[in-house]
Amino acid sequence: MSGETVAPFTELARETGRRLRGADEAGLNAALHWSQPVLDAEAARAEALAAASAAPLPLAGLAVALKDNIVSVEEPTTCGSRILEGYVSPYDATVVARLRAAGALAAVKANMDEFAMGSSTEHSAYGRVRNPLDPDRVPGGSSGGSAALVAAGVVPAALGSETGGSVRQPASFCGIVGVKPSYGRVSRWGLVAFGSSLDCISPFGRTVEDAARVLAAISGHDPLDSTTVDLPPLQAPAPLADLRGVRIGLPREYLPADLDAGVRAAFERAVGCLRALGAEIVDVSLPHSPLAVPTYYIIAPAEAAANLARFDGVRYGPRRIGPEGDVRSLYRATRGEGFGPEVRRRILVGTYVLSAGYYDAYYKKAQRVRAMIAEDFRRAFERVDLLFTPTTPTTAFRAGEKTEDPVSMYLADIFVSPASLAGLPAMSQPIGRSEGLPVGGQLIAPMYQEARMLAAAGALERVVPATEEAR
Amino acid sequence: MSIGRDEVLRVAKLAELAVAEPEVDRLVEQMNRIVDYVAQLDRVPLGADAPPFLAGPGTVTLREDVVRPVPLARGPAEMAPEFAEGLFLVPRRGGAAMAAEAGSEVPEDDVPMDDPSEEAP
């Protein structure tokens, strides 16, 4: 983005349209809703804004795709679900307004796992998204459409959403950068809620700088979301020249004996790069992190069961009249037919763990383990400035490989869900290839220390051979 | 812990979710798989010293408590399956089903919504 000559915005919109058509024809299935007239209108609006602005706009003319759970008035918002088919929001999300104020074109809605529940974007009601690097493989999820659009070069940046790793994991699988901010750094106003204590709108970019600039544009307190932190908006940092004086912890629980050999080789090479940059590498322990996936799969479904109660056929989307013809039958028929299998499973699990007799055994216990996971991070950050781990235990898996066993799919998020539960900023960046497939490295920072994390990531990006095989 | 068919159907009813009969056995299997997996937390000794986790900033900044107009691009009539005179239209919660639950007779004015003779509320 930076340093490029900016073509007239209308030409950028046309070029984005050409690339979207190409991706659609190639069967990527990453964009759900877009049209050339809306792109053109966005370009005209951004151009007028740039002309009237005394200072250069930070994202001038940049096409930024939106995961289809971020609402905008011009295009439908379906969350990848039949239950919201045809729904068009009457208002824009705060992040959409902020992207536009920064000069971006926010006019493309990206495919996703239904209601952000999944790790492969195979759980979309509108078909699976293909990984641009290997169409037989998944792009990761749940923000797989956003990741695939960036990785395929259709758009330079995109927004996804994280609940338990749904931006970092697809960034790793697609060989791009994905940045989850601290919980509360970015407004959730206009993000369709899944797990409200976890959800974070998070950017993708092809480089650390691109992702950082988008994050800077969308961050900051929002009176419409009282969980946003009242700090000045994030400034995108310059990459550090070196990492001398930076202590980076390697949590041993994230390097299990059965870690994929190609992932391990790329990770060890990246650690060598950090050392070469002058970082002090420190062994640390996060003993409760291996419990993050079971903890997440109690807390997130419980919150989802409550949040998704609003989709009942009364206020949004298509309606089914049930066999009894009354309103409860309407609820059950609409929800039974409108939600896909994974969403139904999670609503049932969430309802079960919250129901009388099981609340203490599951939900209350999970909340206490969540506190222990967060406490591990707090103690680790007394000794180190950042943590570094592989983003995922394997490279992108084949489509269909994990759809029959939900738990095996859940384990794809084993290294990304701990930071989500602790609310911490974390990011994935490409650090190498294994058999041609991207490997991601994850940096995790203390609360609200995104700038420290991004500056170190920029330094690593300059030296790590991100597109080369590690062994 | 094992979850049986009855438990799955009870939870589905609580969740207001219709479950097709051919789907039930598979849901029983998958819910057991998931619940068995998450039950590993039972083996975790809980640390007494861990402070409770609070998502979000320690201090919440609330906006001024003033009612302001909401600038909507389109009204609820364009979002809802049925809408009239400021109300979302749904079938009546009542009729025979509710009366049967309550053990009473159906009130005379409690006609089903799909009765074409009924006017919109």
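The exercises below concern a predicted model with chains A and B.

**Exercise 1. Overall build of chain A**

Task: State how many helices and strands chain A has, and judge its radius of gyration against the globule rule.

Solution:
- Step 1. Chain A holds 14 helices and 11 strands.
- Step 2. Its radius of gyration is 21 Å, and the globule rule gives 23 Å for 471 residues; the two are close, so chain A is as compact as a globular protein of that length.
- Step 3. The C-alpha trace of chain A extends over about 70 × 60 × 45 Å along the principal axes.
- Step 4. Buried residues make up 64% of the 471 in chain A.
- Step 5. Take the contacts in chain A with a separation of 6 or more: 76% of them join residues 24 or more positions apart.

**Exercise 2. The sheet**

Task: Find the strand order of the open sheet in chain A and name its edge strands.

Solution:
- Step 1. The order of the 11 strands is 1-3-2-4-6-5-10-11-9-7-8, and the pairing is mixed.
- Step 2. Strand 1 (31-33) and strand 8 (280-284) of chain A each pair on one side only, which makes them the edge strands.
- Step 3. On average, neighbouring strands in this sheet are turned by 35° against each other, with direction ignored.
- Step 4. For one pair in detail, take strand 7 (residues 247-251) and strand 9 (residues 386-390) of chain A, which run parallel and share 2 bridges. Gly249(A) has Leu387(A) in strand 9 as its bridge partner.
- Step 5. Helix 3 (residues 94-101) of chain A lies across strands 2, 3, 4 and 6 of chain A, at about 140° to strand 3.

**Exercise 3. The nonpolar core**

Task: Identify the residues that touch the most other members of the largest nonpolar core, and follow the contacts of Leu149(A).

Solution:
- Step 1. This core has 179 residues, and those touching the most other members are Val64(A), Leu105(A), Leu149(A), Leu348(A), Leu386(A) and Ala456(A).
- Step 2. Helix 8 (residues 292-307) of chain A gives the largest share of the core, 10 residues.
- Step 3. Leaving out residues up to four places away in sequence, Leu149(A) touches Ala30(A), Ala31(A), Ala65(A), Ala110(A), Val154(A), Val155(A) and Ala158(A).

**Exercise 4. The contact between the chains**

Task: Describe the side of chain A that touches chain B by element and by class.

Solution:
- Step 1. Chain A puts 61 residues into the contact and chain B 48 residues.
- Step 2. On the chain A side, helices 8, 9, 10, 11 and 12 each supply at least two residues.
- Step 3. Helix 11 of chain A has the largest share there, 11 residues.
- Step 4. Sorted by class, this side consists of 32 nonpolar, 14 polar and 15 charged residues.

Definitions and conventions: Residues numbered from 1 in each chain as written. Chains lettered and ligands numbered in written order. Predicted model: local features only at pLDDT ≥ 70, side-chain atom pairs only at ≥ 80, totals over all residues. Core = buried A, V, L, I, M, F, W, Y, C linked by C-beta atoms within 7 Å. Buried ≥ 20, exposed ≤ 12 C-beta atoms within 10 Å, placed from the backbone. Helix = DSSP H or I, 4+ residues; strand = E, 2+ residues; numbered from the N terminus. Contact = placed C-beta atoms within 7 Å. Pairing = 2+ DSSP bridges. Axes fitted to C-alpha atoms, helices over the stretch in contact; angles between N-to-C directions. Nonpolar A, V, L, I, M, F, W, Y, C, P; charged D, E, K, R; others polar. Rg over C-alpha atoms; globule rule 2.2 N^0.38 Å.
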